[in-house]
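Colleague: Could you take one part of this model and look at it closely for me? Pick whichever strand suits, and tell me what surrounds it.

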Amino acid sequence: MSSDGSNLRRLTDTPRLSESAASWDPSGQRLAYVASGVTSLGDILGFADTIVEQNADGTCRTSVLTDPGFAFYGPAWQPGPGRAAGRIPC
């Protein structure tokens, strides 16, 4: 949305997926969140088995990490090699 609250636009709305716990990268150009295809108490609490990232305009949706044996919660941006802030090239 714009800084005045206008132009609201939903960025995540994947059918049959629970998407939650979004985190913006330091540049504000990329978003990471957790996603799960199973509706459970873990989904309600924000836990899921996949970490996804995408550009702020909704393009280049990419699964970063998927493991059905784990429950991820709230991705956090960390500095380091290969983790630069900014848009994801598609």
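Modeller: pLDDT is the predictor's confidence in each residue, from 0 to 100. This is a predicted model, so let's start there: local features need pLDDT of at least 70, side-chain atom pairs count only at pLDDT 80 or more, and totals for chains, interfaces and linings use all residues. Residues are numbered from 1 along each chain as its sequence is written, and side-chain values use heavy atoms, with hydrogens and water left out.

My pick is β4, since among the elements of the protein it has the highest mean pLDDT, at 90. At the other end of that ranking is helix α1 (residues 41-44), with the lowest mean, 54. Over the whole protein the pLDDT averages 80, and 89% of the residues score at least 70.

A bit of context before we zoom in. The protein has 1 helix and 6 strands (DSSP runs numbered from the N terminus: H or I of at least four residues for helices, E of at least two for strands). Along the sequence they come in the pattern β-β-α-β-β-β-β.

β4 covers residues 50-55, and its home is an open sheet of 4 strands in the order β1-β2-β4-β5, with antiparallel pairing (two strands pair if DSSP finds at least two bridges between them). The edge strands there are β1 and β5, each pairing on one side only. On the β5 side, β4 is joined by 4 bridges, and the two run antiparallel. Glu53 of β4, for instance, has Thr62 in β5 as its bridge partner. Further along the sheet, 5 bridges hold β1 and β2 in an antiparallel pair, one of them matching Ser23 with Ala32 in β2. Those two strands make a hairpin with 5 residues in between, and Gly28 in the turn has a positive phi of about 80°.

Back to β4, and Glu53 again. Its side chain forms a salt bridge with Arg30, the closest N and O atoms being 3.1 Å apart (a side-chain nitrogen of Lys or Arg within 4 Å of a carboxyl oxygen of Asp or Glu). Because Glu53 lies in β4 and Arg30 in strand β2 (residues 30-36), the pair ties together parts that are 23 residues apart in sequence. Glu53 is buried at 15% relative accessibility, and Arg30 is buried as well, at 9% (buried means under 20% relative accessible area, exposed over 50%, partly exposed in between, for a 1.4 Å probe and protein chains only).

Next stop in β4 is Asn55, buried with a relative accessibility of 0%. Neighbours within four places in sequence aside, Asn55 is in contact with Gln29, Arg30, Cys60, Arg87, Ile88 and Cys90 (contact means heavy atoms within 4.5 Å). Several of those names come up again below.

Take the cysteines. The structure holds 1 disulfide (a pair of cysteine sulfur atoms within 2.5 Å), and it joins Cys60 to Cys90 with the sulfur atoms 1.2 Å apart. Cys60 is in the loop between β4 and β5 (62-66), while Cys90 is in the segment after β6 (72-73), so the link ties together parts that are 30 residues apart in sequence. Cys60 is buried, at 15% relative accessible area, whereas Cys90 is exposed at 77%.

Then there's Arg87, which forms a salt bridge with Asp57, the closest N and O atoms 3.4 Å apart. Arg87 sits in the segment after β6 and Asp57 in the loop between β4 and β5, so this pair, too, ties together parts 30 residues apart in sequence. Both partners are partly exposed: Arg87 at 45% and Asp57 at 30%.

The structure holds 3 salt bridges, and we still have Glu19 with Arg61, where the closest N and O atoms are 3.7 Å apart. That one links strand β1 (residues 18-24) to the loop between β4 and β5, across 42 residues. Glu19 counts as buried at 19%, and Arg61 is partly exposed at 38%.

So what does the wider picture add? Buried residues make up 29% of the 90 in the protein. Among contacts between residues at least 6 apart in sequence, 47% join residues at least 24 apart.
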